[in-house]
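Biologist: I would like to learn how to read this kind of structure. Can we go through it feature by feature?

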Amino acid sequence: MKTLSLLALLLAAATARASDSAGLKDLFKDDFLVGAALNQRQFEERDPRVSELILHQFNSITAENNLKWGRIHPRPDAFDFQAGDAYVAYGEKHHMVIIGHNLIWHNQTPDWVFHDEQGNLLGRDALLARMREHIRMVVGRYRGRIHGWDVVNEALADDGTLRQSMWYKIIGPDYIEQAFRLAHEADPAAELYYNDFSLERPEKRKGAVELVKRLQAAGVPITAIGMQCHSRMNWPSLADEETTIQTFAALGIKVMVTELDIDMLPPAVKDPTAEVSLRPMEYDPKLDPWRDGLSDAAAQAEAKRYAELFALFRKYRGSITRVTFWNVTDGDSWLNDWPIKGRHSYPLLFDRDGKPKPAFDAVRAVAAKEYPQ
Ligand code: XIL
C-alpha cells in the first residue's frame, strides 16, 4: 500500500512538472499550431496521465493510423468509421485542429483496392471510380469537422520522379490531381495537403516543387505542402532544412511540419533517409544500443538538435502554420518498430513515463526568445 501511494505521489510530481507551466501550444501560439499524432488508446482517453499531457501541450491532432484506407475501408462494401468518429469527436470535444491522414497512399491500402472480384487488375476508370467513392465517403463524413487532409501521401520516389505506385500505374500521373479535386468537392472548406518524407533531399525537393507547380497551373486546390521531417541527428543539415522551407514557401502555399521526430538509433540501412519498406527487418542488438535508457550526453545532443530545428521553424513562422510530432512519448513512437521491430527509440520530447526530456525544455526555451517582428 505504502509503495503504491509513494509511486502515485512520484507520478503526480512528474506530471506536475510538464503541466506546471504554459504548454507548447501556448508558448508557440503566435508562431504555429503544435500537434501530435495520436493512436487509438490516446484519443479514447484510456490513460489519464497521457491525456492530460496531450491536452496541455497540443492544439492539433493527426490520426496515426485510424483514418488510413485499410482501417476505414477494409473491404469493397464496408466502411468502418468507429475509430474515426471517436477521433474526430475527441478533437472537437477539446477544440483541437483536427487533421485527416490520409486519403491516397501506396502503403496500408488493401490489395483489393486495385483488383476486381476475379482478381484482375482494375482499369483506369474503375480505379478512379473507387477513389471517388472512398474520398466522397470519408471526406464527406467529416465535412466541416476535419480541418485539413493529407490528400496524397508519399507520391514521390527518392529521385524526385513520381513513384511507380499502383495508383500511378493504373490511373496515370493525373491521379494526384484527381484526388485533390474529389477531396475539394467533398468538403470545399477543408485544407488540402501534399505530404511526403525526406523532402530535404535535393532531387526529391525538386520533384515536389515541380509537382506543386503542375497542380497550381492546373488550378488544383492545394493549401500546403506537408514536410514529414522524420529526422536524424546528422540529417538533414540545418542549411538543407532552411533551403527546403524557403523553396516551398516561395511557391505561395503554406508549409507544415507534419511528422516530426529525431531518430537517435543507429541507421538500419546505408541510406536511412531513402525509401525503406514498411515491413520490419530482423532485430539486431547492435542496432539497439539504448535498451537501458538514453545516455545523458545523447539526450543533451538531442535537446540541442530540437532547439535548432524549432529556432528555424520559428524563423519561418510566416509560412509554417503547424508543427506536428509523430507520436507523443518515446514509448509510442513508430520508430520502436520500424525499420526494425522491438528497438528502444527516443525520438520525442517525452519519455516512456510521459516525463519531459531535456529536449522539451530546450524547445520551450526557443519559444521564450525574442524575435524581430
Ligand atoms: C506509420 C505509423 O506510425 C505506424 O503505426 C504504422 O505501422 C505505419 O505507419 N509516414 C506516414 C505515416 O505518412 O502514416 C507513417 O505512420 C509513418 C511514415
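Biologist: How many residues surround the ligand, and which are the closest?

Modeller: Keep in mind that this is a predicted model. A residue counts here if one of its heavy atoms lies within 4 Å of the ligand. That gives 13 residues around the ligand. The closest are Glu64, Asn65, Lys68, His101 and Glu259.

Biologist: How many of the shell residues are nonpolar, polar or charged?

Modeller: Sort the shell by class. Six residues are polar, four are charged and three are nonpolar.

Biologist: Which polar side-chain atoms lie close to an oxygen atom of the ligand, starting with asparagine 65?

Modeller: Look for N or O pairs within 3.5 Å. Asparagine 65 places a polar side-chain atom 2.9 Å from a ligand oxygen atom. For glutamate 259, a side-chain N or O atom is 2.8 Å from an oxygen atom of the ligand. Glutamate 154 pairs with a nitrogen atom of the ligand instead, at 3.2 Å from an N or O atom in its side chain.

Biologist: How much of the ligand does the protein bury?

Modeller: Start from the ligand taken alone, which exposes 410 Å². The protein buries 83% of that.

Biologist: Where does the ligand sit?

Modeller: In the largest pocket.

Biologist: Let us turn to the rings. How many aromatic pairs are there?

Modeller: Ring centres must lie within 6.5 Å to pair. The count comes to 15 aromatic pairs.

Biologist: Why is the pair of phenylalanine 81 and tyrosine 142 edge-to-face?

Modeller: Planes over 60 degrees apart get that label. Here the planes stand at 85° and the ring centres are 6.2 Å apart, so phenylalanine 81 and tyrosine 142 are edge-to-face. The pair links distant parts of the chain, 61 residues apart. Phenylalanine 81 is in the loop between helix 5 (69-72) and helix 6 (82-93). Tyrosine 142 is in the loop between helix 7 (124-141) and strand 4 (148-153).

Biologist: What should I look for in the backbone?

Modeller: Most peptide bonds are trans, and most residues other than glycine have a negative phi. Look for the exceptions. The bond from histidine 101 to asparagine 102 is cis, with omega near -10°. Asparagine 102 belongs to strand 3 (residues 97-104). Tryptophan 235 and proline 236 are also joined by a cis peptide bond, with omega about -5°. Proline 236 is in the loop between strand 7 (230-232) and helix 11 (238-249).

Biologist: What is the phi of glutamate 45, and where is that residue?

Modeller: Glutamate 45 has a positive phi of about 55°, although it is not a glycine. Glutamate 45 is in the loop between helix 3 (40-43) and helix 4 (48-57).

Definitions and conventions:
Residues numbered from 1 in each chain as written. Predicted model: local features only at pLDDT ≥ 70, side-chain atom pairs only at ≥ 80, totals over all residues. Heavy atoms only, no water. Polar contact = N/O pair within 3.5 Å; in protein donor to acceptor, adjacent residues only side chain to side chain. Areas by Shrake-Rupley, 256 points an atom, 1.4 Å probe, with all protein chains shown as cover. 1 Å grid on protein atoms, 1.4 Å probe; cavity = no way out; pocket = protein on both sides within 12 Å on 5 of 7 lines; lining within 4 Å. Sits in = over half its atoms within 2 Å of the grid points. Nonpolar A, V, L, I, M, F, W, Y, C, P; charged D, E, K, R; others polar. Phe/Tyr/Trp six-rings, centres within 6.5 Å; stacked < 30°, edge-to-face > 60°. Helix = DSSP H or I, 4+ residues; strand = E, 2+ residues; numbered from the N terminus.
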